[in-house]
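Colleague: Thanks for sitting down with me. I would like to go through this model and ask how each label was earned.

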Amino acid sequence: MVWIAGAGGVGREALDVALAAGVGVAGFLDDRLAGGEVRGLPVRKPSELPAGAPYLIGIADPAVRARLAAALDAAGGHPVTLVHPRAIIAPETELAAGCLVMGGAHVSSSVRLGPHSQVHYNATVGHDSRLGARVTVYPGANVSGAVRLEDDSTVGSGAVVLQGRTVGRAAFVGAAATVTRDVPAGTTVIGTPARPMPRRDAEGAH
């Protein structure tokens, strides 16, 4: 029985994936909601994960995923991968432990997904792409072939990353953006073609 870390939107979507795949879910792990129930399942604190229990992190924020994974692994848990039966996983594709692939997603040939990465519903990942740890591809995004998404990067809903581009570590591609050039680490890009988000000028002293 799998424990899902996070009882918010992505956590409940992870429950949907588990139910569709016939995977039993023991409950949720969530500090904020601990002691209650979500969708009829008990919610415990992450520190209360039973020793040796399988878990999946259903949280969108990569930094939170990293922190939780370290804590749950240290407590003796082990990450598992959940794939919706209506997702397509092509041959020679590798999914590391802790990945979540939702319904309607298409992960093409010879792709590698790093630990705790997420491909949300109706998103596509093209051939020979490499996704690092804790990467998030939001609903309807189109990641073309031979793309590199480095650790903790995010591709927003409906965004497009053109073939061969690299999205750097912890970078964020805004919704509906089109990435035509490599995105530096830690940068948020928006628009078509995608460009760095302008910084707001600091307000002057009064």
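Colleague: Where does Arg 134 lie?

Modeller: Arg 134 is in the loop between S15 and strand S16 (136-137). Keep in mind that this is a predicted model.

Colleague: Why is Arg 134 called buried?

Modeller: Its relative accessibility is 15%. Buried means under 20%, so Arg 134 counts as buried.

Colleague: What makes the backbone of Arg 134 worth a remark?

Modeller: Its phi is near 60°, a positive value in a residue other than glycine. Most residues other than glycine have a negative phi. Ala 146 also has a positive phi, about 60°, although it is not a glycine.

Colleague: Is Ala 146 buried, partly exposed or exposed, and what decides it?

Modeller: Ala 146 sits in the loop between strand S17 (142-143) and S18. Its relative accessible area is 36%. Partly exposed covers the range between 20% and 50%, so Ala 146 is partly exposed.

Colleague: And which residue carries the "active site" label?

Modeller: UniProt places that feature at His 127, in an unreviewed entry. The annotation may be inferred rather than shown by experiment. His 127 is found in the loop between strand S14 (124-125) and strand S15 (130-131).

Colleague: What makes His 127 partly exposed?

Modeller: The value is 34% relative accessibility. With the limits at 20% and 50%, His 127 therefore counts as partly exposed. Leaving aside neighbours within four places in sequence, His 127 is in contact with Ser 108, Ser 109, Val 111, Gly 145, Ala 146 and Gln 163.

Colleague: How do you know that His 127 and Asp 128 make a polar contact?

Modeller: Their side chains are joined at 2.8 Å. The cut-off is 3.5 Å, and residues adjacent in sequence count only if both atoms are side-chain atoms. The pair is a side-chain one, so the label of polar contact fits.

Colleague: Why is Asp 152 called buried?

Modeller: Asp 152 has 14% relative accessibility, and the limit is under 20%, so Asp 152 counts as buried. It is found in the loop between strand S18 (148-149) and strand S19 (154-155). Beyond four places in sequence, its contacts include Pro 62, Ala 133, Arg 134 and Arg 169.

Colleague: What makes Pro 91 exposed?

Modeller: Its relative accessible area is 62%, and exposed means over 50%, so Pro 91 is exposed. Pro 91 has its place in the loop between strand S8 (88-89) and strand S9 (94-95). Not counting residues up to four places away, Pro 91 touches Ser 109 and Ser 110. The C-alpha atoms of Pro 91 and Val 111 are separated by 8.8 Å, with their places 20 residues apart along the chain.

Colleague: Why is Leu 68 called buried?

Modeller: Leu 68 has a relative accessible area of 7%. Against the limit of under 20%, Leu 68 is therefore buried. It is found in helix H2 (residues 62-74), and its contacts beyond four places in sequence are Ala 5, Pro 46, Ile 57 and Ile 59. UniProt, in an unreviewed entry, lists residues 3-70 for "domain: PglD N-terminal". That span is 32% helix and 26% strand.

Colleague: What makes the bond between Thr 192 and Pro 193 notable?

Modeller: The peptide bond there is cis, with omega about -5°. Most peptide bonds are trans. Pro 193 lies in the loop between strand S24 (188-190) and strand S25 (195-196).

Colleague: How do you know that the radius of gyration agrees with a compact globule?

Modeller: For 206 residues, a compact globule would have a radius near 17 Å; the chain has 17 Å, so the two agree. The chain has two helices and 25 strands, and buried residues make up 47% of the 206 residues.

Colleague: Last one: where should I be careful with pLDDT?

Modeller: The mean pLDDT of the chain is 95, and 97% of its residues reach 70 or more. Over residues 201-206, however, pLDDT stays under 50, and the model has zero contacts beyond four places in sequence for them. Where pLDDT is low, the predicted coordinates should not be read in detail.

Methods. Residues are numbered from 1 along each chain as its sequence is written. This is a predicted model: local features need pLDDT of at least 70, side-chain atom pairs count only at pLDDT 80 or more; totals for chains, interfaces and linings use all residues. Side-chain values use heavy atoms; hydrogens and water are left out. Helices (H or I, at least four residues) and strands (E, at least two) are DSSP runs, numbered from the N terminus. Buried means under 20% relative accessible area, exposed over 50%, partly exposed in between (1.4 Å probe, protein chains only). Contact means heavy atoms within 4.5 Å. A polar contact is a pair of N or O atoms within 3.5 Å; within protein, one must be able to donate a hydrogen and the other to accept it, and residues adjacent in sequence count only if both atoms are side-chain atoms. pLDDT is the predictor's confidence in each residue, from 0 to 100. The radius of gyration is taken over C-alpha atoms; the globule rule is 2.2 Å times the number of residues to the power 0.38.
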